[in-house]
Protein chains: 2
Amino acid sequence: MPRIDLASVPGRKGSGYPAPFDAPCADRTRRRLGDAGGLTDFGVNLTTLPPGGWSSQRHWHSHEDEFVYVLEGELVLVEDGAETLLKAGDSAAFAKNSGNGHHMINRSPVTARYLEVGSRNPDDVITCSDIDMMSPSSDGRFLHKDGTPYPGQG
Amino acid sequence: MPRIDLASVPGRKGSGYPAPFDAPCADRTRRRLGDAGGLTDFGVNLTTLPPGGWSSQRHWHSHEDEFVYVLEGELVLVEDGAETLLKAGDSAAFAKNSGNGHHMINRSPVTARYLEVGSRNPDDVITCSDIDMMSPSSDGRFLHKDGTPYPGQG
């Protein structure tokens, strides 16, 4: 049945980032709704982010579009030289290959909830803006920008 | 700026269906958020559907995944031999090429609001379940299932 039974979708807490980059995202919880519904063209995550949390390390994708819709709470969208407040009902789009990294930070006292949509492309590469980290999306590993792996990501 | 200014995104009312198939969708209003944000891999529509309205003619896609998230109100999801109530916070996924057409009907007394996400594939074909209508998604025309156009869709 196409309706997604939210209770059956596991919440995955934290990120796969190597330490210490995982710390700001440690309390982020994602529910992979698109995967649960058998979709392959794009992913849809229902994500909760408590006060102080980061949605991710600031990054951009070479070959994947991203879209965010805020359901509850407030998030500060951080990009190169810009901060933008996103409230419930706000959305934001991140076209692939912009070269301008983004992430969202919950600076409010209330847990935020949002949907994130991202296309899937085997050629995609994630580049972080503020730290020495990148990832070929297809294998999920996080590497130094020179291609050498972080410990535990070999 | 990636934040989408909702006030600047035009609401498109009705469908492109030929008469009489347009009537049940005449009051559906879509705002194309993904297009407004410059995305090309998938579309994201913020859609309102007043009481009595249909989301679309019942259909399935050959090459495009679809996803729906209900923001406000209630919708009845109709498929082959099944009806499912979707409430605010519910979502549903429609994997491509299922052969099982779907649409949503607002049988409640309150306008419903939902997000719909769909991938984009130039090979996609929409097939309607209950009427003699199909469409090659790439050109947006609606045809009889034998390929002949409806009046005004030539």
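This passage describes how the two chains of a predicted model are arranged and how selected residues sit within them.

The model is predicted, and local features are reported at pLDDT of at least 70, side-chain atom pairs count only at pLDDT 80 or more, and totals for chains, interfaces and linings use all residues. Residues are numbered from 1 along each chain as its sequence is written, chains are lettered from A and ligands numbered from 1 in the order in which they are written, and side-chain values use heavy atoms, with hydrogens and water left out.

The relation between the chains was examined by superposition, carried out by least squares on the C-alpha atoms of residues with pLDDT of at least 70 in both copies. A turn of 180° with a shift of 0.0 Å along the axis lays chain B on chain A with an RMSD of 0.0 Å. That is the relation of a two-fold axis. At the interface, 37 residues of chain B are in contact with 37 residues of chain A, where contact means heavy atoms within 4.5 Å. Of the interface residues of chain B, 100% are also interface residues in chain A, so the copies meet through the same surface. The size of an interface is often given as the accessible area lost when the parts come together. Here the area buried between chain B and chain A is about 2,800 Å², of which carbon and sulfur atoms give 64%; buried area is the accessible area (1.4 Å probe) that two parts lose on being put together, summed over both. Within chain B, the residues that lose the most area to chain A are B:Pro2, B:Arg3 and B:Phe42, together 20% of what that side buries.

The secondary structure is described by DSSP runs, with helices (H or I, at least four residues) and strands (E, at least two) numbered from the N terminus. In chain A, an open sheet of 6 strands follows the order S1-S2-S3-S10-S5-S8 with antiparallel pairing, two strands being counted as paired if DSSP finds at least two bridges between them. Strand S1 (11-13) and strand S8 (91-94) of chain A are the edge strands, each pairing on one side only. On average, and with direction ignored, neighbouring strands of this sheet are turned by 25° against each other, as judged from axes that are lines fitted to C-alpha atoms, for helices over the stretch in contact, with angles that run from 0 to 180 degrees between N-to-C directions. Within the sheet, S5(A) and S10(A) run antiparallel and are joined by 6 bridges, and A:Phe67 has A:Val117 in S10(A) as its bridge partner.

A:Phe67 also belongs to the largest nonpolar core, which has 26 residues and in which A:Phe67, A:Tyr69, A:Leu115, B:Phe67, B:Tyr69 and B:Leu115 touch the most other members. Such a core is a set of buried Ala, Val, Leu, Ile, Met, Phe, Trp, Tyr and Cys residues joined through side-chain atoms within 4.5 Å, where buried means under 20% relative accessible area, exposed over 50% and partly exposed in between (1.4 Å probe, protein chains only). Strand S3 (42-49), strand S5 (66-72) and strand S10 (112-119) of chain A, together with the strands S3 (42-49), S5 (66-72) and S10 (112-119) of chain B, each give two or more residues to this core. Beyond its neighbours within four places in sequence, A:Phe67 is in contact with residues of both chains, including A:Leu115, A:Val117, B:Leu33 and B:Phe42. A:Leu33, found in helix H1 (residues 33-36) of chain A, is buried at 0% relative accessibility and, residues up to four places away in sequence not being counted, touches among others A:Leu46, A:Leu115, B:Phe67 and B:Ser91.

Strand S11 (residues 125-128) of chain A shows alternating side chains, with A:Ile126 and A:Cys128 buried on one face, while A:Val125 and A:Thr127 point to the other and are not buried. S11(A) runs antiparallel to S4(A), to which 3 bridges join it, and A:Ile126 is the bridge partner of A:His61. S11(A) and S12(A) form a hairpin with 5 residues between them, in which A:Thr127 stands opposite A:Met134. A:Gln57, in the loop between S3 and strand S4 (59-61) of chain A, is buried with a relative accessible area of 5%, and its contacts outside four places in sequence include A:Cys128 and A:Met133.

Two backbone features were also noted in loops. A cis peptide bond, with omega about 5°, joins A:Ala19 and A:Pro20, and A:Pro20 lies in the loop between S1 and strand S2 (29-32) of chain A. A:Asn97, in the loop between S8 and strand S9 (103-105) of chain A, has a positive phi near 65° in a residue other than glycine, and is exposed at 52% relative accessibility.
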